[in-house]
Amino acid sequence: MIAQHPFIFTGTVKENLLYSANSVCDDSCSLPEDEQLYEIIQRVGLEDDLLHFGLNMVMAKDDAKAHQEKILKIRELVHDYVHKNFSADIEFYNVADFLEHSTLLDNLIFGESINDTYSLKNITEQSGFMRVLRKFDLVRELEDFGLELAEITIDHFHKRKEHDALFEISPMEAGEVDSFIRILHARDDGKPTGKKEKNALLLLALRYIPAQHTLTALDKGLREKIVAARHCFLKEEISIDVGKCAKNRGLPVQYTAAAPLDLEGRHREFRPFCPSVYIYSLSLLANIVFGHFTCGMQRRRVLEKEIISMLRPAGLLDEIKAQGLNFEVGSQGDRLSGGQQQKLAIARAFLKDTPVVIMDEATASLDNSSQTLIQNYVETALKGKKTVIAIIHRLDLAPSFDRIIALHEGSIVEQGTYDELIANDGFFCALLKGEGSV
């Protein structure tokens with residue numbers, strides 16, 4: 001039975017799809033394979049949702065390692081189209097450009113440190129990174145910028161009654177206010193700033209995202225100095241040939257490093273934002289477009305559909321669909337829309353492969369195209385194989401059923417085939433004409 005408001009279990013899409021099949025399967029039978037899942041998903045109109053889930057997931061590291069070559073192939077395939085049509089919606093990763101939508105730390109290291117070596121919590125302990133900052137006189141400048149951020153944030157904090165919005169436009173967190181007030185008071189009293197306080201100011205600056213933290217702006221000279229320090233860091237600390245990590249005539253060139261990518265020691269797990277490097281911390285979609293989205297969800301969905309249409313003929317959607325199956329639906333499916341919940345429940349019921357299926361307004365939350373898709377599946381694939389009992393209010397679906405039972409105020413008032421009821425010109429016909437209620 002498929003209810004109008006189905007129960008969705010906390011877990012993945014795949015676990016929900018196989019729940020009913022699991023309940024009737026013993027040692028003598030086998031569960032549906034992924035290909036069967038994909039077929040049902042397509043039949044009920046859930047495929048686009050599955051691809052959306054997959055594209056916006058961050059792959060587990062082992063999965064990413066197994067599939068990164070194909071994902072990089074996809075990146076290369078869609079590159080021209082994305083850069084031509086979505087340049088205003090994405091901030092692309094280019095080693096020569098300052099990133100307005102990334103933290104200053106990410107701007108400086110321009111990559112990901114999987115083992116947390118260059119994470120914010122450890123960065124001030126990294127001698128090589130700090131050496132680069134000192135080389136460009138950035139330690140002092142960033143501490144001064146952190147002080148400016150602290151002063152402006154605290155000033156606004158005292159003036160505002162509502163503080164939630166403040167911490168969206170400042171890199172300071174609500175729980176840090178008191179400690180920064182103490183730092184500012186100590187400076188006002190003429191006390192020297194200690195190492196701990198200087199580190200706090202430096203880290204505040206390194207968390208700053210220009211496009212988001214709009215309390216104050218970053219001047220052009222500091223932007224240019226950060227990009228120059230980035231190149232020095234990649235070359236001298238990570239042993240990367242920055243020139244091989246750049247673009248040539250707008251197209252990505254093959255990434256190579258001065259040393260092999262599988263570097264020794266503490267750099268083994270560092271992955272730079274270079275065109276032929278898969279970034280484990282990014283979603284599949286961000287890896288494919290190789291940049292940070294600056295647009296809203298509506299434009300992202302447009303881009304997703306275009307990418308899907310380009311990848312389908314190339315047979316490159318399997319990895320994305322496989323990731324979509326692992327999407328966590330949330331507590332009782334609260335990360336899914338009502339329509340997605342219904343399509344998932346319908347697919348789950350069909351996969352159980354029982355002789356009788358009861359659909360209680362099972363498609364009420366779906367658009368007309370999705371309803372039609374499911375009805376076509378019922379009429380073709382299930383006809384002659386299952387008994388389908390459907391409670392419907394959309395009377396345009398009625399002709400496809402072998403027998404129609406019209407109910408009014410809890411009683412059966414008419415029943416027969418569609419043609420018989422039309423010939424009777426009774427209660428059912430009145431409903432079709434909008435002259436009655438069901």
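A crossing of two helices is termed right-handed if the near helix is turned clockwise from the far one by less than a right angle. In the predicted model described here, helix 2 passes helix 14 in such a right-handed crossing. Helix 2 spans residues 34-43 and helix 14 spans residues 338-352; their axes lie 9 Å apart and form an angle of about 130 degrees. Helix 2 is therefore classed as oblique to helix 14.

Electrostatic contacts between side chains were examined next. The structure contains 21 salt bridges. One of these joins the side chains of E100 and R223, with an N to O distance of 2.9 Å. This pair connects distant parts of the chain, 123 residues apart: E100 belongs to the loop between strand 1 (90-92) and helix 5, and R223 to helix 10 (residues 220-237). Because its relative accessibility is 26%, E100 is counted as partly exposed.

A salt bridge is likewise formed by the side chains of E176 and R207, at 2.7 Å from N to O. Here the partners are 31 residues apart and again link distant parts of the chain, with E176 in the loop between helix 7 (138-159) and helix 8 (177-188) and R207 in the loop between helix 9 (195-206) and helix 10. E176 and R207 are both buried.

In the salt bridge between D353 and K386, the closest N and O atoms are 2.8 Å apart. D353 is situated in the loop between helix 14 and strand 7 (356-360), whereas K386 is situated in the loop between helix 15 (368-380) and strand 8 (387-391); the two residues, 33 apart, thus link distant parts of the chain. The partners differ in burial: D353 has a relative accessible area of 57% and is therefore exposed, while K386, at 16%, is buried. In addition, R131, K135, E236 and E237 are connected in a network of salt bridges.

Helix 5 (residues 104-109) includes D106. With a relative accessibility of 28%, D106 is classified as partly exposed. The C-alpha atom of D106 is separated by 16 Å from that of I240, a residue 134 positions away along the chain.

On the surface, I405, L407 and I412 make up a nonpolar patch of about 280 Å². Of these residues, L407 is located in strand 9 (residues 404-408). L407 is counted as partly exposed because its relative accessibility is 45%.

Methods:
Residues numbered from 1 in each chain as written. Predicted model: local features only at pLDDT ≥ 70, side-chain atom pairs only at ≥ 80, totals over all residues. Heavy atoms only, no water. Patch = residues over 30% accessible without salt bridge, like charges linked within 9 Å, V, L, I, M, F, W, Y side chains within 5 Å. Areas by Shrake-Rupley, 256 points an atom, 1.4 Å probe, with all protein chains shown as cover. Salt bridge = Lys/Arg side-chain N within 4 Å of Asp/Glu carboxyl O. Helix = DSSP H or I, 4+ residues; strand = E, 2+ residues; numbered from the N terminus. Buried < 20%, exposed > 50% of the residue type's maximum accessible area, 1.4 Å probe, protein only. Axes fitted to C-alpha atoms, helices over the stretch in contact; angles between N-to-C directions. Parallel < 35°, antiparallel > 145°, perpendicular 65-115°, else oblique.
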